[in-house]
Amino acid sequence: MKILVTGGLGFIGSHTVVELQNEGFEVVIIDDCSNSDVKVLDGISAITGVRPQFERFDLKEKSKVEDFFSRHSNVAGVIHFAASKAVGESVEKPLLYYENNIGTLVYLLKELSQKNTASFIFSSSCTVYGQADQMPITEDAPVKPAESPYGNTKQMGEEIIFDTCKVTSGLQAIALRYFNPMGAHPSVEIGELPVGVPQNLVPFITQTGIGMRDELSVFGDDYPTEDGTCIRDYIYVVDLARAHVLALKRLLEGKNAQNFEVFNVGTGKGSSVLEAIQSFERVSGKKLNYKVVDRRPGDVIEAYADTTKANTVLGWKAEYTLDQAMKSAWDWEQKIRD
Ligand code: WQD
(Lines give C-alpha, C1' and ligand atoms only; values in the text may rest on other atoms or scores of the structure.)
Protein backbone atom coordinates (compact mmCIF):
# COMPACT_ATOMS: atom_id res chain seq x y z
CA MET A 1 0.00 0.00 0.00
CA LYS A 2 1.44 3.35 -1.04
CA ILE A 3 1.75 6.19 1.50
CA LEU A 4 2.84 9.74 0.73
CA VAL A 5 5.01 11.31 3.41
CA THR A 6 5.47 15.04 2.90
CA GLY A 7 8.55 16.37 4.66
CA GLY A 8 9.75 12.77 4.83
CA LEU A 9 13.41 13.79 4.94
CA GLY A 10 12.90 15.90 8.07
CA PHE A 11 13.45 14.87 11.68
CA ILE A 12 10.12 13.26 12.56
CA GLY A 13 9.29 12.49 8.92
CA SER A 14 12.39 10.35 8.33
CA HIS A 15 11.83 8.30 11.49
CA THR A 16 8.23 7.75 10.43
CA VAL A 17 9.29 6.60 6.94
CA VAL A 18 11.48 3.96 8.62
CA GLU A 19 8.59 2.70 10.77
CA LEU A 20 6.25 2.64 7.75
CA GLN A 21 8.73 0.66 5.68
CA ASN A 22 9.32 -1.72 8.58
CA GLU A 23 5.56 -2.37 8.54
CA GLY A 24 5.64 -3.14 4.82
CA PHE A 25 4.21 0.12 3.45
CA GLU A 26 5.52 1.51 0.17
CA VAL A 27 6.60 5.09 0.80
CA VAL A 28 6.89 8.05 -1.53
CA ILE A 29 8.39 11.21 -0.07
CA ILE A 30 7.86 14.80 -1.18
CA ASP A 31 10.38 17.20 0.33
CA ASP A 32 11.80 20.49 -0.94
CA CYS A 33 14.96 20.05 1.20
CA SER A 34 14.55 23.60 2.55
CA ASN A 35 15.28 22.25 6.03
CA SER A 36 16.57 18.76 5.27
CA ASP A 37 19.16 16.89 3.26
CA VAL A 38 18.83 14.29 0.49
CA LYS A 39 21.48 12.25 2.31
CA VAL A 40 18.76 11.29 4.78
CA LEU A 41 17.61 8.87 2.06
CA ASP A 42 20.87 6.95 2.54
CA GLY A 43 20.22 6.74 6.28
CA ILE A 44 16.69 5.44 5.75
CA SER A 45 17.93 2.87 3.20
CA ALA A 46 20.72 1.74 5.55
CA ILE A 47 18.17 0.99 8.28
CA THR A 48 15.38 -0.59 6.25
CA GLY A 49 17.21 -1.92 3.20
CA VAL A 50 14.68 -0.10 1.01
CA ARG A 51 15.17 3.27 -0.65
CA PRO A 52 11.88 5.17 -0.57
CA GLN A 53 10.73 6.96 -3.72
CA PHE A 54 11.54 10.64 -3.51
CA GLU A 55 10.32 13.71 -5.37
CA ARG A 56 11.89 17.07 -4.65
CA PHE A 57 9.53 19.99 -4.99
CA ASP A 58 7.78 22.66 -2.97
CA LEU A 59 4.16 21.89 -2.10
CA LYS A 60 3.35 25.57 -2.68
CA GLU A 61 3.62 24.76 -6.39
CA LYS A 62 0.02 23.73 -6.82
CA SER A 63 0.41 22.40 -10.36
CA LYS A 64 3.16 20.06 -9.15
CA VAL A 65 0.92 18.76 -6.38
CA GLU A 66 -1.83 18.08 -8.95
CA ASP A 67 0.64 16.44 -11.28
CA PHE A 68 1.97 14.27 -8.42
CA PHE A 69 -1.50 12.91 -7.58
CA SER A 70 -2.27 12.24 -11.24
CA ARG A 71 0.88 10.12 -11.45
CA HIS A 72 0.37 8.45 -8.06
CA SER A 73 -3.37 7.81 -8.14
CA ASN A 74 -2.91 4.77 -5.88
CA VAL A 75 -1.74 6.76 -2.83
CA ALA A 76 -3.92 5.41 0.00
CA GLY A 77 -2.78 7.73 2.75
CA VAL A 78 -0.82 10.89 3.40
CA ILE A 79 1.24 11.79 6.45
CA HIS A 80 1.82 15.51 6.23
CA PHE A 81 4.94 16.78 8.00
CA ALA A 82 6.13 19.40 5.54
CA ALA A 83 5.86 22.78 7.27
CA SER A 84 7.91 25.63 8.62
CA LYS A 85 8.41 25.28 12.35
CA ALA A 86 10.47 28.09 13.88
CA VAL A 87 8.26 29.98 16.31
CA GLY A 88 10.42 33.14 16.36
CA GLU A 89 10.76 33.28 12.58
CA SER A 90 6.99 32.96 12.25
CA VAL A 91 6.55 36.17 14.25
CA GLU A 92 8.93 37.96 11.85
CA LYS A 93 7.47 36.44 8.69
CA PRO A 94 3.82 35.58 9.30
CA LEU A 95 2.83 35.42 5.64
CA LEU A 96 5.61 32.94 4.89
CA TYR A 97 4.17 30.69 7.59
CA TYR A 98 0.57 31.06 6.45
CA GLU A 99 1.57 30.34 2.87
CA ASN A 100 3.88 27.43 3.70
CA ASN A 101 1.75 25.75 6.32
CA ILE A 102 -1.81 26.63 5.35
CA GLY A 103 -1.60 27.01 1.57
CA THR A 104 0.07 23.62 1.12
CA LEU A 105 -2.39 21.90 3.46
CA VAL A 106 -5.28 23.21 1.37
CA TYR A 107 -3.70 21.92 -1.86
CA LEU A 108 -3.23 18.45 -0.40
CA LEU A 109 -6.77 18.29 1.00
CA LYS A 110 -8.18 19.39 -2.35
CA GLU A 111 -6.49 16.46 -4.02
CA LEU A 112 -7.57 13.98 -1.34
CA SER A 113 -11.17 15.25 -1.42
CA GLN A 114 -11.41 14.10 -5.02
CA LYS A 115 -10.64 10.52 -4.09
CA ASN A 116 -13.25 7.98 -3.02
CA THR A 117 -11.30 7.24 0.14
CA ALA A 118 -8.23 8.81 1.66
CA SER A 119 -6.50 8.80 5.03
CA PHE A 120 -4.69 11.85 6.31
CA ILE A 121 -2.40 12.28 9.32
CA PHE A 122 -1.55 15.84 10.36
CA SER A 123 1.40 17.00 12.48
CA SER A 124 -0.15 19.14 15.15
CA SER A 125 1.35 20.35 18.39
CA CYS A 126 0.73 20.72 22.10
CA THR A 127 1.23 24.40 21.36
CA VAL A 128 -2.53 24.50 20.60
CA TYR A 129 -3.20 24.25 24.36
CA GLY A 130 -1.05 27.27 25.29
CA GLN A 131 -0.68 27.26 29.06
CA ALA A 132 -3.32 24.68 29.91
CA ASP A 133 -5.22 25.15 33.15
CA GLN A 134 -4.79 21.54 34.24
CA MET A 135 -1.99 19.00 34.08
CA PRO A 136 -1.74 16.48 32.57
CA ILE A 137 -3.39 17.88 29.43
CA THR A 138 -6.25 15.92 27.91
CA GLU A 139 -7.41 16.31 24.31
CA ASP A 140 -10.55 18.14 25.40
CA ALA A 141 -8.60 20.90 27.14
CA PRO A 142 -9.51 24.21 25.49
CA VAL A 143 -7.48 25.40 22.53
CA LYS A 144 -6.02 28.76 23.59
CA PRO A 145 -5.28 31.78 21.37
CA ALA A 146 -1.97 31.10 19.67
CA GLU A 147 1.17 32.94 20.80
CA SER A 148 2.66 32.96 17.29
CA PRO A 149 1.71 32.63 13.62
CA TYR A 150 3.34 29.17 13.78
CA GLY A 151 0.99 28.13 16.59
CA ASN A 152 -1.88 29.65 14.64
CA THR A 153 -1.08 27.48 11.61
CA LYS A 154 -1.42 24.35 13.76
CA GLN A 155 -4.77 25.46 15.20
CA MET A 156 -6.08 26.62 11.84
CA GLY A 157 -4.72 23.50 10.20
CA GLU A 158 -6.81 21.33 12.53
CA GLU A 159 -9.90 23.45 11.83
CA ILE A 160 -9.39 23.31 8.07
CA ILE A 161 -9.16 19.50 8.23
CA PHE A 162 -12.20 19.30 10.51
CA ASP A 163 -14.30 21.49 8.17
CA THR A 164 -13.17 19.49 5.14
CA CYS A 165 -13.91 16.13 6.76
CA LYS A 166 -17.43 17.31 7.66
CA VAL A 167 -18.34 17.60 3.99
CA THR A 168 -16.10 14.88 2.54
CA SER A 169 -17.28 11.44 3.59
CA GLY A 170 -14.33 9.62 1.98
CA LEU A 171 -11.75 11.65 3.89
CA GLN A 172 -10.59 10.32 7.25
CA ALA A 173 -8.11 12.31 9.30
CA ILE A 174 -6.18 12.27 12.55
CA ALA A 175 -4.21 15.15 14.04
CA LEU A 176 -1.40 14.12 16.36
CA ARG A 177 -0.56 16.77 18.92
CA TYR A 178 3.14 16.27 19.60
CA PHE A 179 4.69 17.28 22.87
CA ASN A 180 8.50 17.74 22.70
CA PRO A 181 10.10 15.31 20.22
CA MET A 182 13.76 14.43 20.79
CA GLY A 183 16.44 11.82 20.15
CA ALA A 184 17.67 9.88 17.14
CA HIS A 185 17.24 6.42 15.65
CA PRO A 186 19.09 3.74 17.68
CA SER A 187 21.06 2.82 14.54
CA VAL A 188 22.44 6.40 14.53
CA GLU A 189 21.72 6.51 10.78
CA ILE A 190 19.16 9.32 11.08
CA GLY A 191 18.51 12.03 13.67
CA GLU A 192 17.86 15.71 14.12
CA LEU A 193 19.79 18.10 11.85
CA PRO A 194 19.07 21.61 13.10
CA VAL A 195 20.03 24.40 10.71
CA GLY A 196 22.01 27.17 12.41
CA VAL A 197 21.72 27.77 16.14
CA PRO A 198 19.20 25.32 17.61
CA GLN A 199 16.13 26.88 19.18
CA ASN A 200 15.12 23.68 20.96
CA LEU A 201 16.56 22.47 24.22
CA VAL A 202 17.91 19.01 23.40
CA PRO A 203 19.99 19.84 20.30
CA PHE A 204 21.32 22.88 22.16
CA ILE A 205 22.35 20.62 25.05
CA THR A 206 24.12 18.09 22.81
CA GLN A 207 25.85 20.81 20.77
CA THR A 208 27.08 22.39 24.01
CA GLY A 209 28.21 18.97 25.22
CA ILE A 210 30.28 18.42 22.08
CA GLY A 211 31.83 21.89 22.29
CA MET A 212 30.06 23.59 19.37
CA ARG A 213 28.41 26.06 21.78
CA ASP A 214 30.09 27.58 24.83
CA GLU A 215 27.17 27.26 27.18
CA LEU A 216 23.48 26.58 27.37
CA SER A 217 21.24 29.41 28.52
CA VAL A 218 18.54 28.13 30.84
CA PHE A 219 15.59 30.42 30.26
CA GLY A 220 14.45 31.28 33.78
CA ASP A 221 14.59 29.45 37.11
CA ASP A 222 11.90 31.46 38.89
CA TYR A 223 8.88 29.64 37.50
CA PRO A 224 6.37 28.15 39.94
CA THR A 225 7.73 24.61 39.50
CA GLU A 226 9.73 22.38 41.84
CA ASP A 227 13.17 23.53 40.68
CA GLY A 228 11.99 26.81 39.10
CA THR A 229 12.57 25.77 35.47
CA CYS A 230 9.87 24.99 32.89
CA ILE A 231 8.38 21.53 32.57
CA ARG A 232 7.95 19.73 29.24
CA ASP A 233 7.03 16.25 28.07
CA TYR A 234 10.01 14.97 26.05
CA ILE A 235 8.93 12.22 23.67
CA TYR A 236 11.38 9.93 21.91
CA VAL A 237 11.16 10.41 18.13
CA VAL A 238 10.90 6.66 17.38
CA ASP A 239 7.98 6.34 19.82
CA LEU A 240 6.39 9.33 18.10
CA ALA A 241 7.01 7.81 14.67
CA ARG A 242 5.26 4.59 15.75
CA ALA A 243 2.22 6.63 16.78
CA HIS A 244 1.89 7.81 13.18
CA VAL A 245 1.84 4.27 11.85
CA LEU A 246 -0.82 3.21 14.38
CA ALA A 247 -2.93 6.29 13.60
CA LEU A 248 -2.67 5.60 9.88
CA LYS A 249 -3.63 1.95 10.33
CA ARG A 250 -6.64 3.00 12.40
CA LEU A 251 -7.89 5.01 9.44
CA LEU A 252 -6.99 2.48 6.76
CA GLU A 253 -8.77 -0.25 8.70
CA GLY A 254 -11.81 1.97 9.23
CA LYS A 255 -11.60 1.76 13.01
CA ASN A 256 -11.97 5.48 13.59
CA ALA A 257 -15.01 6.67 15.53
CA GLN A 258 -15.30 10.01 13.72
CA ASN A 259 -13.74 11.11 10.48
CA PHE A 260 -11.58 13.64 12.33
CA GLU A 261 -9.87 12.71 15.58
CA VAL A 262 -7.07 14.22 17.68
CA PHE A 263 -4.56 12.47 19.93
CA ASN A 264 -1.88 13.71 22.30
CA VAL A 265 1.48 12.10 21.74
CA GLY A 266 3.72 12.43 24.77
CA THR A 267 5.05 10.26 27.58
CA GLY A 268 2.71 11.60 30.25
CA LYS A 269 5.71 12.59 32.35
CA GLY A 270 6.91 16.14 32.80
CA SER A 271 10.63 16.92 33.08
CA SER A 272 12.20 20.26 33.97
CA VAL A 273 15.01 21.92 32.04
CA LEU A 274 17.40 21.06 34.90
CA GLU A 275 16.25 17.43 34.83
CA ALA A 276 16.97 17.31 31.09
CA ILE A 277 20.47 18.67 31.79
CA GLN A 278 20.99 16.07 34.53
CA SER A 279 19.85 13.36 32.14
CA PHE A 280 22.45 14.53 29.61
CA GLU A 281 25.15 14.53 32.28
CA ARG A 282 24.21 10.98 33.35
CA VAL A 283 24.24 9.46 29.88
CA SER A 284 27.29 11.35 28.55
CA GLY A 285 29.39 11.34 31.71
CA LYS A 286 30.10 15.03 30.96
CA LYS A 287 29.36 18.15 32.96
CA LEU A 288 27.26 20.57 30.93
CA ASN A 289 28.21 24.23 30.94
CA TYR A 290 25.05 26.25 31.54
CA LYS A 291 23.88 29.46 33.11
CA VAL A 292 20.48 30.72 34.11
CA VAL A 293 19.30 33.77 32.15
CA ASP A 294 16.00 35.64 31.85
CA ARG A 295 12.80 33.91 30.89
CA ARG A 296 12.18 33.47 27.15
CA PRO A 297 9.06 35.38 26.06
CA GLY A 298 6.16 33.12 25.16
CA ASP A 299 7.31 30.04 27.13
CA VAL A 300 4.56 28.22 28.99
CA ILE A 301 5.36 27.11 32.54
CA GLU A 302 4.46 23.49 32.09
CA ALA A 303 3.00 21.14 29.50
CA TYR A 304 2.73 17.38 29.75
CA ALA A 305 0.26 15.03 28.19
CA ASP A 306 -2.51 12.85 29.44
CA THR A 307 -1.91 9.96 27.05
CA THR A 308 -4.89 7.82 28.04
CA LYS A 309 -6.63 8.30 24.69
CA ALA A 310 -3.61 7.28 22.61
CA ASN A 311 -2.92 4.39 25.00
CA THR A 312 -6.42 2.96 24.89
CA VAL A 313 -7.68 3.90 21.43
CA LEU A 314 -4.49 3.66 19.35
CA GLY A 315 -2.89 1.00 21.53
CA TRP A 316 0.21 3.18 21.63
CA LYS A 317 2.49 3.89 24.54
CA ALA A 318 5.85 5.65 24.80
CA GLU A 319 8.46 3.03 25.55
CA TYR A 320 11.69 4.97 25.90
CA THR A 321 12.75 6.90 29.00
CA LEU A 322 14.21 10.40 28.95
CA ASP A 323 17.69 8.94 29.58
CA GLN A 324 17.38 6.47 26.70
CA ALA A 325 16.17 9.20 24.35
CA MET A 326 18.93 11.56 25.56
CA LYS A 327 21.55 8.85 25.02
CA SER A 328 20.39 8.45 21.42
CA ALA A 329 20.57 12.24 20.89
CA TRP A 330 24.11 12.24 22.31
CA ASP A 331 25.22 9.24 20.21
CA TRP A 332 23.89 11.03 17.12
CA GLU A 333 25.62 14.31 17.97
CA GLN A 334 28.93 12.48 18.40
CA LYS A 335 28.47 10.67 15.11
CA ILE A 336 27.63 13.72 13.00
CA ARG A 337 30.45 15.83 14.43
CA ASP A 338 32.96 13.05 13.87
C1 WQD B 1 11.95 23.45 26.00
C2 WQD B 1 12.30 24.07 27.32
C3 WQD B 1 12.70 26.43 27.21
C4 WQD B 1 16.28 26.22 24.74
C5 WQD B 1 8.63 23.36 21.18
C6 WQD B 1 8.49 23.89 19.77
C7 WQD B 1 7.13 24.40 19.55
C8 WQD B 1 6.08 23.36 19.89
C9 WQD B 1 6.31 22.79 21.24
C10 WQD B 1 6.16 22.09 17.82
C11 WQD B 1 11.61 25.41 27.55
C12 WQD B 1 13.95 25.70 27.61
C13 WQD B 1 15.17 25.88 25.49
C14 WQD B 1 17.40 26.79 25.41
C15 WQD B 1 16.22 26.61 27.50
N16 WQD B 1 6.01 22.23 19.06
N17 WQD B 1 15.14 26.08 26.85
N18 WQD B 1 17.32 26.95 26.76
O19 WQD B 1 9.37 25.75 23.95
O20 WQD B 1 8.36 23.53 24.44
O21 WQD B 1 8.52 24.43 22.10
O22 WQD B 1 7.67 22.38 21.38
O23 WQD B 1 5.63 21.80 16.92
O24 WQD B 1 7.02 24.78 18.26
O25 WQD B 1 9.45 24.90 19.57
O26 WQD B 1 10.54 23.57 23.28
O27 WQD B 1 12.86 22.85 23.12
O28 WQD B 1 12.30 25.27 22.65
O29 WQD B 1 12.15 24.41 24.97
O30 WQD B 1 16.21 26.80 28.73
O31 WQD B 1 18.42 27.15 24.80
O32 WQD B 1 13.71 24.35 27.33
O33 WQD B 1 12.57 27.63 27.92
O34 WQD B 1 11.33 25.50 28.91
P35 WQD B 1 9.16 24.38 23.53
P36 WQD B 1 12.02 24.03 23.41
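This report describes the ligand site and the second largest pocket of a predicted model.

**Ligand site**

The ligand is surrounded by 17 residues, and those that come nearest are Tyr150, Leu201, Ser217, Arg232 and Asp299. Sorted by class, this shell is made up of nine nonpolar, five polar and three charged residues. Among the secondary structure elements, strand β8, which spans residues 216–219, gives the most to the shell, with four residues.

Oxygen atoms of the ligand are approached by polar atoms of Asn180, Asn200 and Leu201. In Asn180 the atom belongs to the side chain, and a side-chain atom is likewise involved in Asn200. Leu201, by contrast, takes part through a backbone N or O atom. The distances are listed below.

| Residue | Protein atom | Distance to a ligand oxygen atom |
|---|---|---|
| Leu201 | backbone N or O | 2.8 Å |
| Asn180 | polar side-chain atom | 2.9 Å |
| Asn200 | polar side-chain atom | 3.2 Å |

Taken alone, the ligand would expose 680 Å², and 87% of that area is buried by the protein. Leu201 thus appears both among the residues that come nearest to the ligand and in the table, with its backbone atom at 2.8 Å from a ligand oxygen.

**Second largest pocket**

The second largest pocket has a volume of about 220 Å³. Its lining consists of 14 residues, and Thr267, Lys269, Tyr320, Thr321 and Leu322 lie nearest the centre of the pocket. By class, five of the lining residues are nonpolar, six are polar and three are charged.

Terms used. Residues are numbered from 1 along each chain as its sequence is written. This is a predicted model: local features need pLDDT of at least 70, side-chain atom pairs count only at pLDDT 80 or more; totals for chains, interfaces and linings use all residues. Side-chain values use heavy atoms; hydrogens and water are left out. A residue is near a molecule or strand if one of its heavy atoms lies within 4 Å of it. A polar contact is a pair of N or O atoms within 3.5 Å; within protein, one must be able to donate a hydrogen and the other to accept it, and residues adjacent in sequence count only if both atoms are side-chain atoms. Accessible areas come from the Shrake-Rupley method with a 1.4 Å probe; for residues, only the protein chains shown count as cover. Helices (H or I, at least four residues) and strands (E, at least two) are DSSP runs, numbered from the N terminus. Ala, Val, Leu, Ile, Met, Phe, Trp, Tyr, Cys and Pro count as nonpolar, Asp, Glu, Lys and Arg as charged, and the others, Gly among them, as polar. On a 1 Å grid over the protein atoms alone, a cavity is a set of points where a 1.4 Å probe fits but cannot get out, and a pocket is an open set with protein on both sides within 12 Å along at least five of seven lines; lining residues have an atom within 4 Å of a point. Grid points are joined across faces, edges and corners, and a volume is the space filled by probe spheres set on the points.
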